[in-house]
Amino acid sequence: MICQKILKGKKANLRPLKISDAHRWVNWLNDREVNQFLEITRIDLKGEKKAILGMLKDKNNYQFAIETKDGIHIGGCGLKDIIRNGRCELGIVIGDKNYWSAGYGTDVIGLLLKFGFERLNLKRIYLRCNKYNKRGIRCYKKCGFKHEGRLRKHIYRKGKFWDEIRMSILINEYNKKYGKRK
Ligand SMILES: CC(C)(COP(=O)(O)OP(=O)(O)OC[C@H]1O[C@@H](n2cnc3c(N)ncnc32)[C@H](O)[C@@H]1OP(=O)(O)O)[C@@H](O)C(=O)NCCC(=O)NCCS
């Protein structure tokens, strides 16, 4: 599904994902430093274009490109598996490593939470994360996500099985932390 509106944050803007973004995604998703934290480990341009098309057609999925205020495309994010007025899963990838740990993730997640809770009227937003993704976990905690569970030895990476962490934020927690925002 496409949200035509640009969501404007303090550091980043979110615009709709486009098929023409695919080549940058291929670079990011094939980068081991990036994909060690993701489910996908390798993809080609044809596969990525098909994946983007599928996401754009999916009525329960909003995907955005993350751009800096200067218009540099640095990653993507979205809400998927949306149950109307209920819940969804949040996903985020800052594919350009130069922009890690500089506050973009925190800013972008704030925008997605606002979109999900205030515009889609959701009650719960959750995410899945590899246990060794310390940067991600720190970022999600800062954004108000709470640890809610652990799937033991669920993810196979780097020759080993790792726990998957589940985190979520509920509408009342969002309202308390973020208050009414413009
Ligand atoms: C995870 C991700 C979205 C976070 O976005 P980000 O812009 O890097 O995060 P932020 O800068 O907003 O916040 C990161 C926080 O983690 C901290 N941090 C960085 N490395 C850390 C580490 N190894 N251990 C603990 N904290 C760490 C940062 O200092 C910062 O905290 P602070 O603001 O209190 O100093 C981004 O790094 C990313 O996309 N990484 C690659 C793909 C990925 O992991 N996707 C998520 C899959 S679940």
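## Ile66 and its surroundings

Ile66 sits in strand S3. The model shown here is predicted. Is Ile66 buried or exposed? Ile66 is buried, because 28 other C-beta atoms lie within 10 Å and 20 or more are enough to count as buried.

Which residues does Ile66 touch, leaving aside those up to four places away in sequence? They are Ala12, Leu14, Ile74, Gly75, Gly76, Cys77, Ile94, Tyr104 and Val108. Lys8 is 58 residues from Ile66 in sequence, and the C-alpha atoms of the two are 10 Å apart in space. The bridge partner of Ile66 in S4 is Gly75.

## Strand S3 and its partners

S3 covers residues 62-68. Five of its seven residues are buried, so the strand is mostly covered. S3 is joined to S2 by five bridges, in the antiparallel sense. Six bridges link S3 to strand S4, residues 73-80, and these two strands also run antiparallel.

Glu67 appears in both pairings. It is the bridge partner of Asn13 in one, and it has His73 in S4 as its partner in the other. Four residues lie between S3 and S4 in their hairpin. There, Gly71 takes a positive phi near 85°.

## The whole sheet

Eight strands make up an open sheet with mixed pairing. Their order is S1-S2-S3-S4-S5-S6-S8-S7. Which strands are at the edges? They are S1 (7-8) and S7 (146-157), and each pairs on one side only. Helix H4 packs on the sheet. It touches S1, S2 (12-16), S3, S4, S5, S6 (124-130) and S8 (160-170). The direction of H4 makes about 155° with that of S5.

Toward the S7 edge, the pairing of S6 with S8 is antiparallel and has seven bridges. Arg128 has Arg166 in S8 as its bridge partner. S7 and S8 also run antiparallel, joined by eight bridges. Here Arg150 stands opposite Ile165 in S8. The hairpin of S7 and S8 has two residues between the strands, and Lys158 takes a positive phi near 55° in it.

## The nonpolar core

In soluble globular proteins, nonpolar side chains tend to be buried together. The largest nonpolar core in this model holds 39 residues. Which of them touch the most other members? They are Leu14, Phe64, Ile66, Val108, Leu112, Leu113 and Tyr140. H4 gives the most to this core, with eight residues.

Ile66 touches two others of that group, Leu14 and Val108. Leu113 has its own set of contacts. Beyond four places in sequence, it touches Ile125, Cys143, Ile169, Tyr174 and Tyr178.

## Around the ligand

The shell around the ligand has 20 residues. Phe37, Gly105, Thr106, Lys134 and Arg138 come nearest. Three elements give two or more residues to this shell: strand S5 (87-94), helix H4 (104-119) and helix H5 (134-142). Which element gives the largest share? That is H5, with five residues.

By type, the shell divides into ten nonpolar, seven polar and three charged residues. H4 links several parts of this picture: it gives residues to the ligand shell, it gives the most to the largest nonpolar core, and it packs on the sheet.

Terms used. Residues numbered from 1 in each chain as written. Predicted model: local features only at pLDDT ≥ 70, side-chain atom pairs only at ≥ 80, totals over all residues. Near = placed C-beta within 6 Å. Nonpolar A, V, L, I, M, F, W, Y, C, P; charged D, E, K, R; others polar. Core = buried A, V, L, I, M, F, W, Y, C linked by C-beta atoms within 7 Å. Buried ≥ 20, exposed ≤ 12 C-beta atoms within 10 Å, placed from the backbone. Contact = placed C-beta atoms within 7 Å. Pairing = 2+ DSSP bridges. Axes fitted to C-alpha atoms, helices over the stretch in contact; angles between N-to-C directions.
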